[in-house]
Amino acid sequence: FVILLARLKKDPSLFIEREVYVSELEPCFDKNIVKLNNDCVYVDCGGYIGDTVKKFINIFGVYKKIYVYEPDKMLFGKLSKNLNRYRNIVIRNIGVSDTAGKVFFNHDGLGSGRVNRDANNKDTGSIELTTIDEDIKEPISLIKMDIEGEERKALAGAAKHIADDSPVLAINVYHKLDDIVACFNVIKNANKNYRFYLRHYGHSFIKTVLYAEI
């Protein structure tokens, strides 16, 4: 309740003034919720410099394959270098959304680069987009998303995998005020069998993670 109230009031101090349960487990990889087999296929949307992929490997150990999406050209080189010693990892210098194509994108190199849908702002650079459903043909076990407010669109672009494979979902829902409800609705419309959990990490707007699992 406090998480929702703080977002509605746009007041981060509510996290400190009221009693908020703050999870001490690793964001997106809460092992009480995320349970995986050794043949896991993990999809990391918003790969940054590879830190979450490394955490995933350290926590879960064995996997079949990992797909990583990081559209920021300023981060992609670091990401590739940091993950080059690991096996069976596919790294894409593109974004994920609900449709494939090209969009304007603010490259900042700090992990906050985002899609810019303002047609008048054409000096920000651009990126290619794909959908998870189009790009990945094998069954998926876990999808993590931290993509600066594009989560709801990326989830819509993974609707077939969500319906057919029922992967565990770990979705960051703190970038936009209605992220929690919007992402919940996209997931529920794709697969009505999911159970949902909300976990918060730290006394600020970040990070709130919406988990979905069956």
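Which backbone nitrogen does a side-chain oxygen of Asp 72 reach at the start of helix 4? In this predicted model, select Asp 72 and Met 74 to find out: the side-chain oxygen of Asp 72 comes to within 2.8 Å of the backbone nitrogen of Met 74, at the start of helix 4.

From there, select the whole of helix 4, residues 73–83, and pick out Leu 75, Phe 76, Leu 79 and Leu 83, which are its buried residues. If you look down the axis of helix 4, these buried residues fall within an arc of 110 degrees, so they line one face of the helix. To see what covers these residues, add helix 3 (51–60), strand 2 and strand 3 (89–92), which are included in that cover.

Keep helix 3 on screen and turn to the aromatic rings, of which the structure holds eight pairs. Begin with Phe 29 and Phe 60, whose rings are edge-to-face, with 6.0 Å from centre to centre and 85 degrees between the planes. Phe 29 lies in the loop between helix 2 (14–17) and strand 1, while Phe 60 lies in helix 3, so this pair ties together parts that are 31 residues apart in sequence. Phe 29 counts as buried, at 3% relative accessibility, and Phe 60 is buried too, with a relative accessible area of 17%.

Next, select Tyr 42 and Phe 56, which form a stacked pair at 4.2 Å centre to centre, with 20 degrees between the planes. Because Tyr 42 belongs to strand 1 and Phe 56 to helix 3, the pair ties together parts that are 14 residues apart in sequence. Both Tyr 42 and Phe 56 are buried. Adding Tyr 63 to the selection shows a cluster, in which ring pairs link Phe 29, Tyr 42, Phe 56, Phe 60 and Tyr 63. At Tyr 63, also display Arg 87, whose charged end sits over the ring of Tyr 63, 4.9 Å from its centre.

The last stop is the largest nonpolar core, which has 28 residues; select Val 43, Cys 45, Ile 132, Ile 143, Met 145 and Leu 169, the members that touch the most others. Among the elements that give two or more residues to this core are strand 1 (41–45), strand 8 (142–145), strand 9 (168–172) and helix 8 (179–190). A second, separate core of 24 residues includes Cys 40, Tyr 42, Ile 57 and Ile 66. Finally, centre the view on Cys 45: leaving aside its neighbours within four places in sequence, Cys 45 is in contact with residues including Tyr 69, Val 96, Ile 132, Ile 143 and Met 145.

Note on methods:
Residues numbered from 1 in each chain as written. Predicted model: local features only at pLDDT ≥ 70, side-chain atom pairs only at ≥ 80, totals over all residues. Heavy atoms only, no water. Core = buried A, V, L, I, M, F, W, Y, C linked by side-chain atoms within 4.5 Å. Buried < 20%, exposed > 50% of the residue type's maximum accessible area, 1.4 Å probe, protein only. Helix = DSSP H or I, 4+ residues; strand = E, 2+ residues; numbered from the N terminus. Contact = heavy atoms within 4.5 Å. Arc of directions from axis to C-beta. Polar contact = N/O pair within 3.5 Å; in protein donor to acceptor, adjacent residues only side chain to side chain. Phe/Tyr/Trp six-rings, centres within 6.5 Å; stacked < 30°, edge-to-face > 60°. Lys NZ or Arg CZ within 6 Å of the ring centre and 35° of its normal.
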